[in-house]
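Work through the exercises below with the sequence and the model open side by side. Each task is followed by a solution in steps.

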Amino acid sequence: MSDTDTLQPSVLAAAHPTPTRRSRRVLRSIGAVAAGLVAIFAITTVTDIVMHAAGIFPPVGAPPMSGALFLLAFAYRLVFDVAGCWLTARLAPARPMRHALVLGAIGFVLSIAGAAAMWNAGPAWYPLALAASALPCAWLGARLHG
């Protein structure tokens, strides 16, 4: 009798995941990263809309905001980025830090693309700071998860 004959079925399943289990895990991983990304975009967009509607930020299409308002936008984006990466880590089926860092890498790439597309829309430090903070925010979000 071999070792595999004496093991419980659940132990065998964990040791040798079936293609269906792997597919589910991959889908859960993609879903965890997508959930964090969507959450960050949604809450950032809603906050931007509220800030414009409340008159804190100038109307869309007006001259660029002051440096202080860009600093305010950067501050709440940091908080939202950490929260989104925490959510990704929380939903990850395994290796929460890796999932959060994947989201951070996506955020880095999107920030660089945004900086290139909107270079003259505001101060240069703003998109560069968003890009530079993407991975540290991801790390912090995963660490806060535990």
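The exercises go from the overall fold to the core, the surface, single residues and side-chain pairs of this predicted model.

**Exercise 1. Fold and totals**

Task: State how many helices and strands the protein has, and describe its burial and contacts.

Solution:
- Step 1. The protein has six helices and zero strands. Read from the N terminus, the order of elements is α-α-α-α-α-α.
- Step 2. Of the 146 residues in the protein, 29% are buried.
- Step 3. Take the contacts with a separation of 6 or more: 72% of them join residues 24 or more positions apart.
- Step 4. The exposed area of the protein is about 9100 Å², and 71% of it comes from carbon and sulfur atoms.

**Exercise 2. The largest nonpolar core**

Task: List the residues of the largest nonpolar core and find which elements supply two or more of them.

Solution:
- Step 1. The largest nonpolar core consists of 12 residues: Met51, Phe57, Met65, Leu69, Phe70, Ala73, Phe74, Tyr76, Phe80, Tyr126, Ala129 and Leu130.
- Step 2. Two or more residues of this core come from each of α4 (67–91) and α6 (125–145). The most are given by α4, with six residues.
- Step 3. Another core, of eight residues, lies apart from this one and includes Ile40, Ala89, Leu103 and Ala142.
- Step 4. As a member of the largest core, Phe74 can be followed through its contacts. Leaving out residues up to four places away in sequence, Phe74 touches Trp125, Tyr126, Ala129, Leu130 and Ser133.

**Exercise 3. A nonpolar surface patch**

Task: Identify the residues of the nonpolar surface patch and the helix with the largest share of it.

Solution:
- Step 1. Trp86, Leu101, Leu135, Trp139, Leu140 and Leu144 form a nonpolar surface patch of about 550 Å².
- Step 2. Helix α6 has the largest share of the patch, with four residues.
- Step 3. One of the patch residues is Leu101, which sits in helix α5 (residues 96–117).
- Step 4. Leu101 counts as partly exposed because its relative accessibility is 32%, and partly exposed covers the range between buried, under 20%, and exposed, over 50%.

**Exercise 4. Leucine 91 and alanine 35**

Task: Place leucine 91 and alanine 35 in their helices, and say which residues each touches beyond its sequence neighbours.

Solution:
- Step 1. Leucine 91 belongs to helix α4, and alanine 35 belongs to helix α3 (residues 19–53).
- Step 2. Leucine 91 has a relative accessibility of 37% and so counts as partly exposed. Alanine 35, at 25%, also counts as partly exposed.
- Step 3. With residues up to four places away in sequence left out, leucine 91 touches Arg28, Ala32 and Ala35. With neighbours within four places set aside, alanine 35 is in contact with Leu87 and Leu91.
- Step 4. Two C-alpha distances add to this. Leucine 91 and isoleucine 30 are 61 residues apart along the chain, with their C-alpha atoms separated by 10.0 Å. Alanine 35 and leucine 103 are 68 residues apart in sequence, and 9.8 Å lies between their C-alpha atoms.

**Exercise 5. Cysteines**

Task: Explain why cysteine 85 and cysteine 137 are not bonded to each other.

Solution:
- Step 1. A disulfide is a covalent bond between two cysteine sulfur atoms.
- Step 2. The cysteine sulfur closest to that of cysteine 85 is in cysteine 137, at 7.0 Å, which is too far for a bond. The cut-off for a disulfide is 2.5 Å.
- Step 3. The structure accordingly holds zero disulfides.
- Step 4. Cysteine 85 is buried, at 3% relative accessible area, and cysteine 137 is buried, at 5%.

**Exercise 6. A salt bridge**

Task: Find which side chains meet in a salt bridge and which helices they lie in.

Solution:
- Step 1. Opposite charges on side chains can pair when the charged atoms come close.
- Step 2. The count of salt bridges is one. In it, the side chains of aspartate 48 and arginine 77 meet at 2.6 Å, N to O.
- Step 3. Because aspartate 48 lies in helix α3 and arginine 77 in helix α4, the pair ties together parts that are 29 residues apart in sequence.
- Step 4. Both partners are checked for burial. Aspartate 48 has 17% relative accessibility and counts as buried; arginine 77, at 15%, counts as buried too.

Note on methods:
Residues are numbered from 1 along each chain as its sequence is written. This is a predicted model: local features need pLDDT of at least 70, side-chain atom pairs count only at pLDDT 80 or more; totals for chains, interfaces and linings use all residues. Side-chain values use heavy atoms; hydrogens and water are left out. A nonpolar core is a set of buried Ala, Val, Leu, Ile, Met, Phe, Trp, Tyr and Cys residues joined through side-chain atoms within 4.5 Å. Buried means under 20% relative accessible area, exposed over 50%, partly exposed in between (1.4 Å probe, protein chains only). Contact means heavy atoms within 4.5 Å. Patches are made of residues with over 30% relative accessible area and no salt bridge: like charges are joined within 9 Å, nonpolar side chains (Val, Leu, Ile, Met, Phe, Trp, Tyr) within 5 Å. Accessible areas come from the Shrake-Rupley method with a 1.4 Å probe; for residues, only the protein chains shown count as cover. A salt bridge is a side-chain nitrogen of Lys or Arg within 4 Å of a carboxyl oxygen of Asp or Glu.
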